[in-house]
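The following exercises are to be solved with the sequence and the three-dimensional model at hand. Each task is followed by a solution in steps.

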Amino acid sequence: EMLVEMVEMVCGCIETSDEGIYLRIVQTLLTAVKTSQRGLHHGALLATVRTTYNIYLNAKSAGVRPTAKTALVQILSLVFNRMEKEVLDAKARNRNTENADDADISDEGEKIAITKDAKDVNEDEMNEYLSVVQKDAYLLFRALCKLSSKELPEDSGPESIPLRSKLLSLELLKVAISESGHLFR
């Protein structure tokens, strides 16, 4: 898809050290996530978050960091809100069907399956039941968990990249948990 190619091209521009270009990269990636009807998913979404995250870590100016952080918060909120909305919409449609135990609901070719006994399903089977939007939220949350669990080097100063990375990932996890609805919690 052309949007994914555009995102890959923009993400490739991170090799610069020009703070003005950093701002335009963040703006472009945020716009791509917000405005695309079908949305960015999986690899393209993670590349967008990774690039914005790295811009936050590598930016020298005080203006770029808050912009990148704000963009990350907006992306997280958007992904988790889409997931919540999709699940709530699916449940509402499910109530309108006669079979309350299982319902397969198709939305633009994306399959959503809702079952009563989701606790009895292992992770591989769970992937079959997750929609694209739910997988996006899961992959994003898992990536942030991995970043937050990295060990800090002993010589990490208060402005070191490893410490800033850990703090940012923990802040983003807090945002994901506090701003997501009851379905994610």
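**Exercise 1. State the volume of the largest cavity and describe its lining.**

Step 1. The largest cavity has a volume of about 60 Å³. A cavity is a set of points, on a 1 Å grid over the protein atoms alone, where a 1.4 Å probe fits but cannot get out. Grid points are joined across faces, edges and corners, and the volume is the space filled by probe spheres set on the points.

Step 2. Searching the whole structure for cavities of 30 Å³ or more yields one.

Step 3. The lining is formed by Val33, Leu40, His41, Leu45, Val79, Arg82, Val133 and Asp136; a lining residue has an atom within 4 Å of a point.

Step 4. By class, the lining comprises five nonpolar residues, one polar residue and two charged residues. Here Ala, Val, Leu, Ile, Met, Phe, Trp, Tyr, Cys and Pro count as nonpolar, Asp, Glu, Lys and Arg as charged, and the others, Gly among them, as polar.

Step 5. At least two lining residues come from helix 4 (64–95), and at least two from helix 6 (132–148).

**Exercise 2. Determine how far the model may be relied upon, using its pLDDT values.**

Step 1. This is a predicted model, in which local features need pLDDT of at least 70 and side-chain atom pairs count only at pLDDT 80 or more, while totals for chains, interfaces and linings use all residues. Residues are numbered from 1 along each chain as its sequence is written, and side-chain values use heavy atoms, with hydrogens and water left out.

Step 2. The average pLDDT (the predictor's confidence in each residue, from 0 to 100) of the protein chain is 78. A score of at least 70 is reached by 79% of the residues.

Step 3. Over residues 100–121, pLDDT stays under 50.

**Exercise 3. Which secondary structure elements does the protein chain contain, and in what order?**

Step 1. The chain has seven helices and two strands. These are DSSP runs numbered from the N terminus: helices are H or I with at least four residues, strands E with at least two.

Step 2. Along the sequence, the pattern reads α-α-α-α-β-β-α-α-α.

**Exercise 4. Describe the surroundings of leucine 30 and arginine 164.**

Step 1. Leucine 30 is part of helix 2, and its relative accessible area of 15% makes it buried. Buried means under 20% relative accessible area, exposed over 50%, and partly exposed in between (1.4 Å probe, protein chains only).

Step 2. Beyond four places in sequence, leucine 30 has contacts (heavy atoms within 4.5 Å) with Ala71, Gln74 and Ile75. Its C-alpha atom is separated by 9.8 Å from that of threonine 70, which is 40 residues away along the chain.

Step 3. Arginine 164 belongs to helix 7 (residues 161–179) and is buried, because its relative accessibility is 10%.

Step 4. Residues up to four places away in sequence aside, arginine 164 touches Tyr56, Leu57, Asn58, Arg65 and Glu159.

**Exercise 5. Explain why cysteine 11 does not form a disulfide with cysteine 13.**

Step 1. A disulfide is a pair of cysteine sulfur atoms within 2.5 Å.

Step 2. The closest cysteine sulfur to that of cysteine 11 belongs to cysteine 13 and is 8.8 Å away, so the separation is too far for a bond.

Step 3. The search of the whole structure finds zero disulfides.

Notes. 1 Å grid on protein atoms, 1.4 Å probe; cavity = no way out; pocket = protein on both sides within 12 Å on 5 of 7 lines; lining within 4 Å.
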